[in-house]
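Take a moment with the sequence and the model before reading on. The report below is a short tour for a newcomer.

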Amino acid sequence: MKTENNKGWFFVLPVLILVAFNALIPMMTVVNYSVQETFGDNVFFWQGLDWFEQILRSDRFHAALGRQFLFTFLILIIEIPLGIAIALAMPRKGFWVPVCLVTMALPMLIPWNVVGAMWNIFTLPDIGLLGYFFNHVLGIEYNMTQSPLAAWMTIVTMDVWHWTSLVVLLAYAGLVSIPDAYYQAAKIDGASNWSVFRYIQLPKMKNVLTIAILLRFMDSFNIYTEPFVLTGGGPGNSTTLLSIDLVKIALGQFDLGPAAAMSLIYFAITLLVSWLFYTLMTKDDLN
Amino acid sequence: MAKITLSKLRHSYYPNPSSPSDYALKEIDLDWSDGGAYALLGPSGCGKSTLLNIISGLLVPSEGRILFDGQDVTELTPDKRNIAQVFQFPVIYDTMTVYDNLAFPLRNRGRDEETVRARVMAIAEMLEVTDMLDQKAAGLSPDNKQKISMGRGLVREDVNVVMFDEPLTVIDPHLKWKLRSKLKELHQRVKATMIYVTHDQTEALTFADQVVVMQDGEVVQIGTPVELFERPAHTFVGHFIGSPGMNVLPCEVQGGQALLAGQAVPLEGAITGTPSGKTEIGVRPEFVTIGDAGLAATVTKVSDLGRHMVVECDLAGARVNAVVNGSAPDKGGTVHLSFRPDQTRLYVDGWIATQAQEAAA
C-alpha cells in the first residue's frame with residue numbers, strides 16, 4: 001500500500017483554528033439564533049424555520065434586497081468600464097507610472113467611516129464644497145437628506161470614488177503583463193484599436209477582471225459603514241441597503257431570531273452569486 | 001514580394017548620439033533581392049533585432065533610408081509597408097479559433113469572406129494545420145502556435161517580406177528540426193523574400209541562401225553558408241561559425257611570411273598590403289592534422305564528440321583545436337601539427353589579409 005505523508009495538514013491547522021474562531025463558531029451561534037426565539041436570560045424556544053419564512057415573505061426584506069441589487073449593479077456598471085478605461089490611459093513606462101499608481105491607491109487607504117464622514121461634509125448644502133456649488137453656484141437643488149435621488153447619486157458616486165482604483169490597479173496589472181510582441185503583431189496584422197482591445201487586451205485582462213468583479217460584488221453587496229455614516233439609510237428608507245436593514249432589525253428592534261435568519265439568507269445569496277459568476281467566468285479555462 | 005535596399009542606415013537609442021559606441025547600428029548598406037532567403041546571424045546584442053524592427057517599421061532609424069523596390073518606406077508604419085513578422089514567442093489571439101487567427105490580417109484589410117476562406121485553406125494546408133482550424137488557438141502546443149503565427153504572416157499574398165525574429169526559441173529540440181525544414185519548404189513554395197534573425201548558426205545556415213553576419217552593430221560578412229565557413233572575412237566570423245570555431249593564433253610577419261613560434265607557416269596566397277597592427281593566423285580545426293612533422297604542441301584536452309574527436313593543444317601559449325578521426329593522442333603528450341596551406345590565412349586587426357587561391361593563380 002502506498003504510504004502518504006500527511007504532515008502537510010499541520011501547516012493548515014493554524015489557519016483552520018483561526019477561521020473556526022473568527023467565522024465558523026460565530027456563524028454557528030447565528031444558526032442557533034435563527035431557529036429559536038429568546039426573551040433574554042438564555043431561555044430559548046424552538047421556532048423551526050419560521051423566521052426564514054417570515055423574512056422571505058416580508059416586503060421590507062424584498063425592498064432592501066432590491067435596493068441592494070440596484071446599488072451593486074450601478075457601481076459595477078460604472079466602476080468596471082471606468083476602471084478599464086483609466087488603466088488603458090495610464091502610462092506603461094517612465095516617471096508618471098509611480099505617480100499614477102500612488103494617486104490611484106490613495107482613496108483605498110482611507111478608513112470607511114472617514115470616507116462616509118468626508119462625503120457627508122462635502123455634500124452639506126450650505127457649507128460643503130459640493131453641496132454649496134450645486135445649490136448656490138449652479139442653482140440646482142441638491143440635498144441628500146430630502147431627496148432620495150440625491151442620496152442615491154451621492155452613495156454611488158462615493159463608492160465609485162472609493163473603489164474604482166481597485167479595478168484600475170487590477171486591470172493595469174493585467175495590461176502590463178502583455179508582451180510588446182502582441183502589440184507589434186497586431187500593428188502588422190493591421191488591427192484597429194478596437195480589435196487590439198477586443199482580442200488582445202481584454203482576453204489578457206480576463207482573469208484579473210474576474211477577480212475585480214468578484215471583489216467589488218462581495219464588497220458592495222455587504223457595504224455598511226459608508227452609507228450608514230453618509231445617509232443613515234435615508235431619507236426614509238430610500239438608501240436602506242440590506243446590511244443597514246439587518247443592523248436595524250438586530251440592534252434596533254432586538255429581533256435576534258429574524259435578524260439571524262436574514263443574515264443567513266444574505267450570506268447564502270452572496271455566496272451563490274459569487275459562485276455562479278466565478279464558475280461561469282472560468283468555465284472555458286477548464287476545458 | 002520586393003527587393004529591399006538599406007541605404008546608409010544608422011540607429012541609436014540615444015537622442016543625441018556622439019561617439020560610434022552610442023549607435024546600435026553603425027552604417028549598414030545592404031541589397032536583398034526579391035524572393036531570396038536571408039539570415040541575420042550574430043550574438044545577442046549585435047543589433048540584428050534592431051535592424052529587423054527597422055525593416056518592419058516598428059522602429060524609425062536615426063539616419064538612412066529603407067527602400068522596397070526602390071520606393072522609400074522609411075517613414076511608413078508597419079501595416080502600410082505590407083510586411084509580416086513572426087516573433088520569438090508565438091503571438092496568437094487566444095479567444096479566436098485557428099481559422100479566425102489566420103483570417104485576421106485579411107479581414108482587417110477588408111477582404112471578402114470568399115477570398116479569406118480560399119487563402120486560409122491554402123495556408124492551413126501548407127502548414128498542415130487543416131484539422132485544427134475549428135479549435136481555439138489558446139489550447140495549441142507551442143510549435144503549433146508558432147505555425148499559426150507564421151501562417152498569419154504568409155496568408156496575405158501581396159506581402160513584401162516575411163521576417164522571423166528567432167522564431168524557434170521556445171520550440172522543443174526535436175520539433176525545431178521539423179519546423180525549420182517546413183520553413184525552407186514554405187519559402188520555396190511561396191517565393192516571398194524572407195529574413196530570418198537568429199544567433200543559432202545551424203538555423204541560419206540551413207535556412208538562408210545568404211547569411212549576413214553581424215557584430216557590434218556592424219555587418220562583418222555577407223555570403224553563402226559555404227563561403228562563411230570556408231573563407232571567413234573576419235576572425236569573428238571564423239570563430240562564431242563552426243563548432244569548434246576557427247583557431248586564431250597570434251603570429252609575426254617577416255618578409256612576406258607568417259611566423260608561428262619562429263617557424264614559417266604556408267598561407268593560401270600572398271599577403272595583401274603591408275600588415276600593421278595585430279596579426280593572426282586563422283585555420284579551422286577541420287584543416288589541422290596531427291602527424292610526425294610540423295609545429296610541436298602539447299595535448300591539453302581530448303573531447304569525443306561521437307562522430308569525431310576534438311583535440312585541444314597548447315602551441316607556444318596559444319590554444320589550437322584539431323578535429324581528428326580515428327585514434328586521438330594521449331593527453332599531456334607532444335604532437336606535431338600541420339595546417340592545410342589553402343585553408344590557412346592571415347588576419348590583420350581581425351580582417352582577412354591574404355589573397356584567395358583563384359586570385360593568386
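What follows covers domains, cores, a sheet, some loop residues and the contact between chains.

**Domains and cores**

The model is predicted. Chain B is divided into two parts: domain 1 spans 4-230 and domain 2 spans 243-360. Taken over C-alpha atoms, the centres of domain 1 of chain B and domain 2 of chain B lie 38 Å apart.

The largest nonpolar core has 77 residues. Inside this core, B:Ala39, B:Ile195 and B:Tyr196 have the most contacts. Helix α3 (residues 98-108) of chain B supplies the largest share of the core, 6 residues. Separate from this is a second core of 24 residues. B:Ala258, B:Leu267, B:Ile281 and B:Val288 are among its members.

What does B:Ala39 touch, leaving aside its neighbours within four places in sequence? One of its contacts is B:Tyr196. The others are B:Thr198, B:Ala204, B:Phe207, B:Ala208, B:Val211 and B:Val212.

**A sheet in chain B**

Chain B holds an open sheet of 4 strands. Their order is β11-β15-β21-β22, and the pairing is antiparallel. The edges are β11 (247-250) and β22 (351-352) of chain B, and each of these strands pairs on one side only. Strand β21 (residues 345-348) of chain B runs antiparallel to β22(B), and 2 bridges join them. B:Tyr347 has its bridge partner in β22(B), namely B:Ile352.

**Loop residues in chain B**

Three loop residues of chain B come next. The table gives the C-beta neighbours of each within 10 Å.

| Residue | C-beta neighbours within 10 Å | Class |
|---|---|---|
| B:Lys136 | 17 | partly exposed |
| B:Asn82 | 19 | partly exposed |
| B:Glu128 | 11 | exposed |

B:Asn82 sits in the loop between α2 (78-81) and β6 (83-86) of chain B. Its phi is positive, about 60°, although B:Asn82 is not a glycine. Why is B:Asn82 partly exposed? It has 19 other C-beta atoms within 10 Å, and a residue is called buried only if 20 or more lie in that range, exposed if 12 or fewer.

B:Glu128 lies in the loop between α4 and α5 of chain B. Phi of B:Glu128 is also positive, near 60°, and this residue is not a glycine. B:Glu128 counts as exposed because it has 11 C-beta neighbours inside 10 Å.

B:Lys136 is found in the loop between α4 (113-127) and α5 (142-154) of chain B. B:Lys136 counts as partly exposed because it has 17 C-beta neighbours inside 10 Å. In sequence, B:Lys136 and B:Asp94 are 42 residues apart. In space, their C-alpha atoms are 7.1 Å apart.

**Chain A and the contact**

Helix α11 of chain A covers residues 242-252. Which of its residues are buried? They are A:Leu242, A:Ser243, A:Ile244, A:Asp245, A:Leu246 and A:Ile249. A:Phe254 follows α11(A), and its phi is positive, near 55°.

Chain A also touches chain B. The contact takes 14 residues from chain A and 19 residues from chain B. On the chain A side, α8 (180-188) and α9 (193-221) each supply at least two residues. The most comes from α8(A), with 6 residues. By class, the side of chain A that touches chain B has 9 nonpolar, 3 polar and 2 charged residues.

Methods
Residues are numbered from 1 along each chain as its sequence is written. Chains are lettered from A and ligands numbered from 1 in the order in which they are written. This is a predicted model: local features need pLDDT of at least 70, side-chain atom pairs count only at pLDDT 80 or more; totals for chains, interfaces and linings use all residues. Domain bounds come from an automatic or database domain assignment. A nonpolar core is a set of buried Ala, Val, Leu, Ile, Met, Phe, Trp, Tyr and Cys residues joined through C-beta atoms within 7 Å. Two residues are in contact if their C-beta atoms, placed from the backbone, lie within 7 Å. Ala, Val, Leu, Ile, Met, Phe, Trp, Tyr, Cys and Pro count as nonpolar, Asp, Glu, Lys and Arg as charged, and the others, Gly among them, as polar. Two strands pair if DSSP finds at least two bridges between them.
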